[in-house]
Amino acid sequence: MKVFISQPIRGKNYDDIMRSRNDAIFNLVEKFPDEDLKIIESFIPAMYYDANNNPIVGLGTCIGLMGDADLVYMCKGWEESRGCSIERRVAIDYEIPIIYEL
């Protein structure tokens with residue numbers, strides 16, 4: 001099963017982002033112990049830390065990657081994130097199942 005992780009990143013440093021991502025992966029492995037999980041690499045550090053990059057382009061890249069997902073995992077705080085809210089809307093509109101981090 002291919003999983004797209006939607007996580008807030010604005011204002012977070014690399015370590016916080018990776019910790020949240022690793023927590024999400026741990027939760028997914030616990031929830032789906034018998035599944036062959038493939039995490040879609042949607043966090044591309046250069047895309048987020050280069051001041052010349054346009055955040056809309058980054059969001060578009062992520063949405064493109066989500067096109068391969070069988071499941072979307074929404075990390076805590078998604079409600080306050082513009083990007084995560086848009087990714088959630090896309091998942092709903094394209095009927096990709098979503099689970100929410102508790």
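Welcome to a quick tour that starts in the core. The largest nonpolar core has 14 residues, and those touching the most other members are F4, M66, A69, V72, M74, A91 and I96. Such a core is a set of buried Ala, Val, Leu, Ile, Met, Phe, Trp, Tyr and Cys residues joined through side-chain atoms within 4.5 Å, where buried means under 20% relative accessible area, exposed over 50% and partly exposed in between (1.4 Å probe, protein chains only). Please keep in mind that this is a predicted model, in which local features need pLDDT of at least 70 and side-chain atom pairs count only at pLDDT 80 or more, while totals for chains, interfaces and linings use all residues. Residues are numbered from 1 along each chain as its sequence is written, and side-chain values use heavy atoms, with hydrogens and water left out.

**The cores**
- Two or more residues of the largest core come from each of α3 (55-66), β3 (71-74) and α4 (82-93); helices (H or I, at least four residues) and strands (E, at least two) are DSSP runs, numbered from the N terminus.
- Helix α4 gives the most to this core, with three residues.
- Another core, of eight residues, lies apart from the largest one and includes V3, I5, L71 and I99.
- Beyond its neighbours within four places in sequence, M74 is in contact (heavy atoms within 4.5 Å) with S6, C84, R88, I98, I99, Y100 and E101.

**Helix α4**
- The 12 residues of α4 should span 16 Å at 1.5 Å a residue, and the end C-alpha atoms are 17 Å apart, which agrees; the expected span is 1.5 Å times one less than the number of residues.
- C84, E87, V90 and A91 are the buried residues of α4.
- Seen down the axis of α4, these buried residues fall within an arc of 120°, so they line one face of the helix; the arc is that of the directions from the helix axis to the C-beta atoms.
- The cover over them includes β1 (2-6), α3, β3 and β4 (98-100).
- After α4 comes E95, with a positive phi near 55°.

**R21, a buried charge**
- R21 sits in helix α1 (residues 14-31).
- R21 is buried yet has no salt bridge, and the nearest side chain of opposite charge, E41, is 4.4 Å away.
- A salt bridge needs a side-chain nitrogen of Lys or Arg within 4 Å of a carboxyl oxygen of Asp or Glu; Lys and Arg count as positive and Asp and Glu as negative, with His and the chain ends not counted.
- Leaving out residues up to four places away in sequence, R21 touches I5, Q7, I39, I40, E41, S42 and F43.
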